[in-house]
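Here's a walk through the inside of this model: its open and closed spaces, what packs around them, and a few backbone oddities. Have the structure open while you read.

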Amino acid sequence: MVNWLQHETGGLLLLCGLAIAVLLVLIIKVKLEPFISLLVSGLLLALVAGLSVEQIVGTALSSKTSLLETGFGGILGHIAPIIGLGTILGAILEASRGADVLTRKLLAIFGERGAPFAMGLAGLIFGIPVFFDIGIFVLAPLVYITAKRGGRSLVLYAMPLLAGLSMTHAFLPPHPGPVAASGFLGVSLGWLIIMGVVCGIPAFLVAGVAWGMWIGKRVMVEVPEDFIIAEKQAEADAAAAAESGEKGAERPEPALSLVLGIIAVPLVLILLATFGTVWWKDSAALPTLTFLGNPAVALTIAVLLAMWLLGLRRGIPGAELQDLATKSLRPIGMILLVVGAGAFFGAVISATGVGKALASAMSDAGLPLIVLAYLISCGLRLAQGSATVAIATTSGIVAPLLKGEDFSQAHIALIAIAISAGSIIASHVNDGGFWIISRYFNMSVRDTLKTWTVLETILSVVGFAMAGLLSLVI
């Protein structure tokens, strides 16, 4: 029996299934932190699969080559600086009122009839450098005011905004999910940006614009007076501060072109480096493009520009910027630990031979890898609610299956997008984002399920459908 579990395809697949079941029980029933749950599940799987203690944790004198250390260290060395720099960039853009400038300009361009689409574009653009929940906190007051002035349902304006924020959070760097998938699967962020945009924009248009505007006319949600009162109070406080000459009152709003330019800097540099390896292989400029287009370098440049142009030049002192950066980094600690633990879990799966067994079973069933990746990610998302856990765990399972396959970078990027798409399907009551949206947009649980849950499902299915179709020709 032990030999069958540790060496036969059926036994290895059973072990993998049991390990995932233990992971879900620990997260859902025991309420253990996902980071610890992934660590425990990985250690149990390694021991039951017959891996040696030295292979799992090393010796008392050295653990440099152990699965525990290489699993954590390999992925964190890739993603930690990218996620950290992206978080700081988003915090500076938020503090400088860049979101206000962007949203008001879009509303002025599209007018009252086009206000829902303008909200969607605001979420799409501002969602690139800013975490999903932060985007809601910053942009929600603007949605309240727009809905109040338009005299229509809050849902009509909230859904396009949420679709834009969710799409960028799921499909585009520097958000943790796509960056983690990039590290696990060994695909460049440049290709991930390209495929994220190609697959994500149609998903945004269908889920946010088409569905959002359709359901927004059928689910009526009023803007509570206390939401508007809070916004008016904030405006009154700002006016009082201006009259009394308090700190920050004299700071002008940034120009829209400046906000968009700073957001574009890292994306453009990363894409130039990616295309440079294809178009300018023999060019003397390639080393410079490669250096500047390294994601950590590109984001460092963008952060320094933001600190200078949006911060110091506009009267924000260096000490305040430092404090802003410190506070913005606090929430990402657990994200990094979850991704690191997911990498360890994946390393164990690879070492036990489960990856090869899964590849064999998948081949026998005739199931394409991109479909398997999506289905696993969907299952994990539905079961435990966290998109980051779903991406980290699925990427760890899928990564060993790529070995020996002659996939191009573009094709691997599509597999990463499929995993990301699966990680956002059917947000429901076990997802913290579900409750944030219910609270911020004054919706009952039933209305949140009818609007937000369906939106996420459409976003997931259309994003995956685009990735699947492209994978047939790339």
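Helix H5 gives the largest share of the lining of the second largest pocket, 4 residues. Keep in mind that this is a predicted model. The pocket itself has a volume of about 970 Å³. It is lined by 37 residues, and the ones closest to its centre are Phe131, Asp133, His169, Ile335 and Thr388. By class, that lining splits into 18 nonpolar, 12 polar and 7 charged residues.

Now for the closed spaces. There are 2 cavities of 30 Å³ or more in the structure, and here's how they compare:

| Cavity | Volume | Largest share of lining | Lining by class |
|---|---|---|---|
| Largest cavity | about 80 Å³ | H13, 4 residues | 12 nonpolar, no polar, no charged residues |
| Second largest cavity | about 50 Å³ | H20, 3 residues | 4 nonpolar, 4 polar, no charged residues |

Take the largest cavity. Its walls are made by Ile82, Leu89, Ile128, Pro129, Pro173, Pro174, Leu189, Ile263, Pro266, Leu267, Ile270 and Leu299. Two elements, H5 and helix H13 (256-279), each give two or more residues to this lining. Two of the prolines are worth a click: Pro173 and Pro174 are joined by a cis peptide bond, with omega at about 10 degrees. Pro174 sits in the loop between H9 and H10.

The second largest cavity is lined by His169, Ala170, Gly177, Ala387, Thr388, Ile391, Ser423 and Ile424. Here H9 and H20 are the elements that supply two or more lining residues. His169 and Thr388 are familiar names, as both are also among the residues closest to the centre of the second largest pocket.

Ser423 deserves a look of its own. You'll find Ser423 in the loop between helix H21 (409-422) and helix H22 (432-440). Is Ser423 buried or exposed? Its relative accessibility is 1%, so Ser423 counts as buried, the cut-off for that being under 20%. A polar atom of the Ser423 side chain lies 2.7 Å from the backbone oxygen of Ser420. Beyond neighbours within four places in sequence, Ser423 is in contact with Ser377, Arg381, Ala387, Ala390 and Ile391. Ala387 and Ile391 turn up in the lining of the second largest cavity too.

Gly177, another residue of that cavity lining, takes us to helix H10 (residues 176-185). How many residues of H10 are buried? The count is 9 of its 10, so this helix is mostly covered. The buried set is Pro176, Gly177, Pro178, Val179, Ala180, Ala181, Ser182, Phe184 and Leu185. What covers them includes helix H5 (67-95), H9, helix H11 (189-216), helix H17 (332-352), helix H20 (387-398) and H21. Just after H10, Gly186 takes a positive phi of about 70 degrees.

Leu185 leads into the packing. The largest nonpolar core has 150 residues, and Leu185, Ile415 and Phe441 have the most contacts inside it. Helix H9 (residues 154-171) contributes the largest share of this core, 13 residues. Setting aside neighbours within four places in sequence, Leu185 is in contact with Ser395, Val398, Ala399, Leu402, Ile412, Ile415, Ala416 and Ile419. Some of those contacts follow a helical rhythm. An α-helix has 3.6 residues a turn, so residues three or four places apart point the same way.

Back in helix H5, there's Gly84. Gly84 has a relative accessible area of 9% and is therefore buried. Not counting residues up to four places away in sequence, Gly84 touches Leu329 and Ile332. The C-alpha atoms of Gly84 and Ala325 are 9.3 Å apart, although 241 residues separate them along the chain.

Finally, two backbone oddities. Arg97, in the loop between H5 and helix H6 (98-110), has a positive phi of about 70 degrees although it is not a glycine. With a relative accessible area of 33%, Arg97 is partly exposed. Asn442 is another non-glycine with a positive phi, near 55 degrees. Its place is the loop between H22 and helix H23 (445-471). Asn442 has 37% relative accessibility, so it counts as partly exposed.

Technical notes. Residues are numbered from 1 along each chain as its sequence is written. Side-chain values use heavy atoms; hydrogens and water are left out. A nonpolar core is a set of buried Ala, Val, Leu, Ile, Met, Phe, Trp, Tyr and Cys residues joined through side-chain atoms within 4.5 Å. Buried means under 20% relative accessible area, exposed over 50%, partly exposed in between (1.4 Å probe, protein chains only). Contact means heavy atoms within 4.5 Å. A polar contact is a pair of N or O atoms within 3.5 Å; within protein, one must be able to donate a hydrogen and the other to accept it, and residues adjacent in sequence count only if both atoms are side-chain atoms. On a 1 Å grid over the protein atoms alone, a cavity is a set of points where a 1.4 Å probe fits but cannot get out, and a pocket is an open set with protein on both sides within 12 Å along at least five of seven lines; lining residues have an atom within 4 Å of a point. Grid points are joined across faces, edges and corners, and a volume is the space filled by probe spheres set on the points. Ala, Val, Leu, Ile, Met, Phe, Trp, Tyr, Cys and Pro count as nonpolar, Asp, Glu, Lys and Arg as charged, and the others, Gly among them, as polar.
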